[in-house]
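Please examine the sequence and the structure shown here before reading on. The paragraphs that follow begin with the ligand and its surroundings and then turn to individual residues.

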Amino acid sequence: MPAGGFVVGDGQKAYPGKLTPFVLFTCVVAAMGGLIFGYDIGISGGVTSMPSFLRRFFPSVYRKQKADATTNQYCQYDSPTLTLFTSSLYLAALISSLVASTVTRKFGRRLSMLFGGILFCAGALINGFAKHVWMLIVGRILLGFGIGFANQSVPLYLSEMAPYKYRGALNIGFQLSITIGILVAEVLNYFFAKIKGGWGWRLSLGGAVVPALIITLGSLILPDTPNSMIERGQHEEAKTKLRRIRGVDDVSQEFDDLVAASKESQSIEHPWTNLLRRKYRPHLTMAIMIPFFQQLTGINVIMFYAPVLFNTIGFTTDASLMSAVVTGSVNVAATLVSIYGVDKWGRRFLFLEGGTQMLICQAVVAACIGAKFGVDGTPGELPKWYAIVVVTFICIYVAGFAWSWGPLGWLVPSEIFPLEIRSAAQSITVSVNMIFTFIIAQIFLTMLCHLKFGLFLVFAFFVVMMSIFVYIFLPETKGIPIEEMGQVWRSHWYWSRFVEDGEYGNGLEMGKSSNQGTKHV
Ligand code: BGC
């Protein structure tokens with residue numbers, strides 16, 4: 001038997017412990033960190049389709065929109081300042097996630113969450129009271145700083161707190177709250193847009209203060225994870241906490257493994273350069289490719305611009321906001337499917353199924369929009385059945401994303417990094433995610449204007465690439481304790497050449513070679 005932990009039938013370790021009410025509670029509170037991210041994703045598209053908001057801050061877009069509907073509809077929202085409003089947030093998040101890496105490692109996961117909440121409160125207030133475009137942008141930048149901190153710390157927190165058998169489900173709590181945040185924002189936009197006097201957008205933007213307060217207060221009551229406490233030398237407290245979290249007295253196996261992982265981690269002086277070492281090649285590859293592909297699904301075209309997109313394809317403002325509410329609800333419901341299935345069916349199955357589903361829908365939506373709008377972007381009268389078909393396929397596409405790349409894009413990175421590179425690698429994941437969210441937010445409206453319906457085919461191409469990537473390179477990580485993840489690389493046909501026996505990460509798994517889990521594709 002390898003050092004520490006029991007070995008179950010398939011040669012993998014099993015630590016004692018159950019899903020205690022305490023761990024459930026802490027995970028629910030921490031997952032709320034996703035609300036601020038979600039609220040923000042959902043709010044900007046709706047606000048930018050409100051005429052009173054456009055008239056005040058983006059008059060040129062407003063004038064284009066008012067122009068005759070026989071003009072080219074693909075280009076009505078093509079304005080650099082308007083996209084800067086949406087996308088500035090993601091650049092800020094990218095920068096702050098790098099800072100958050102150090103805070104998370106040196107001072108614990110919950111301090112990063114607290115910072116995130118406070119910055120977010122400030123941003124929401126500035127936006128709610130904005131009088132000029134620059135106030136809007138400054139507010140968005142503060143929100144972005146908040147998101148960088150929250151997205152860096154929350155997924156790690158959840159993956160470390162959760163008993164490994166439920167890690168997938170509990171971690172997806174983060175994605176669930178992202179989707180709830182998006183939906184709440186869309187519903188609020190729908191109602192606030194109707195406020196007489198046209199100041200509803202202030203409530204939409206300022207409303208972000210509510211999720212911000214939730215995570216700020218939440219982080220004050222949450223305990224830090226045992227992993228993080230050990231990393232900071234608080235061994236006794238960590239052991240007591242681990243007992244409480246796992247609901248059993250004998251946690252020595254898991255505790256010893258965490259301590260060993262932490263020792264290995266302490267010996268690393270430069271987590272960033274360390275990441276470049278050959279044995280971390282699989283981790284670095286995943287830290288970059290998973291968020292890159294997640295964004296190249298094109299999901300945020302729908303999330304940011306659903307109302308604008310629906311408006312473009314001929315819906316009234318009201319119907320557009322309503323359709324966004326429909327896609328938002330599908331997003332939440334499908335995430336629940338993922339919570340149910342991720343620890344049963346595994347990550348690879350969901351990735352591949354979701355990819356296929358998205359691909360089919362993208363092809364259909366491209367065909368529908370192409371058939372009606374042609375290349376000159378003048379649709380004429382749009383029949384009702386047409387709108388229903390487009391919205392239905394967009395919903396099926398969103399469902400495919402919501403049970404695959406959405407949650408797994410955050411879950412898989414947070415569970416594969418060994419402790420010694422965990423904070424730094426997670427920052428890379430957040431940064432890459434934010435860079436590509438930024439790029440897509442920034443160029444989508446211009447791309448729609450130039451590529452027209454072909455835009456959906458560009459994303460379809462990437463969905464094919466990412467599914468092939470998962471099939472060939474991503475090992476299954478379901479049901480493997482987080483500090484034991486080394487075995488999945490060692491037994492992988494490709495990655496095993498980078499990660500040699502005994503050399504990997506926390507050094508817990510010596511003598512394990514005869515005991516490895518199943519071979520992975
Ligand atoms: C992604 C976001 C996306 C959201 C949609 C998240 O996992 O990171 O970019 O907007 O899912 O639900």
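**The ligand and its shell**

Helix α8 provides the largest share of the shell around the ligand, namely 3 residues. Helices here are DSSP runs of H or I with at least four residues, numbered from the N terminus. The model is predicted, so that local features need pLDDT of at least 70 and side-chain atom pairs count only at pLDDT 80 or more, while totals for chains, interfaces and linings use all residues. Residues are numbered from 1 along each chain as its sequence is written, and side-chain values use heavy atoms, with hydrogens and water left out.

In total, 14 residues surround the ligand, a residue being counted if one of its heavy atoms lies within 4 Å of the molecule. The closest are Q175, Q294, Q295, N300 and N331. At least two shell residues come from each of α2 (33-48), α8 (167-192), α15 (281-296), α16 (299-312) and α20 (405-416). By class, the shell contains 6 nonpolar, 8 polar and no charged residues. In this scheme Ala, Val, Leu, Ile, Met, Phe, Trp, Tyr, Cys and Pro are nonpolar, Asp, Glu, Lys and Arg are charged, and the others, Gly among them, are polar.

Which distances separate polar side-chain atoms of Q294 and Q295 from oxygen atoms of the ligand? For Q294 the distance is 2.9 Å, and for an N or O atom in the side chain of Q295 it is 2.9 Å. The side chain of N331 places an N or O atom 3.0 Å from an oxygen atom of the ligand. The protein covers 100% of the 310 Å² of accessible area that the ligand has on its own (Shrake-Rupley method, 1.4 Å probe).

**Three individual residues**

M322 belongs to helix α17 (residues 317-345). With a relative accessible area of 35%, M322 is partly exposed, because this class lies between buried (under 20%) and exposed (over 50%), using a 1.4 Å probe and protein chains only. M322 and N189 are 133 residues apart in sequence, yet their C-alpha atoms are 9.4 Å apart in space.

P475 lies in the loop between α22 (454-473) and α23. Its relative accessible area is 2%, and therefore P475 is buried. From P475 to W489 there are 14 residues in sequence and 7.3 Å in space, C-alpha to C-alpha.

S491 is located in the segment after α23 (486-490). S491 counts as buried because its relative accessibility is 3%. The side chain of S491 reaches the backbone oxygen of Q487 at 2.8 Å.

Notes. Polar contact = N/O pair within 3.5 Å; in protein donor to acceptor, adjacent residues only side chain to side chain.
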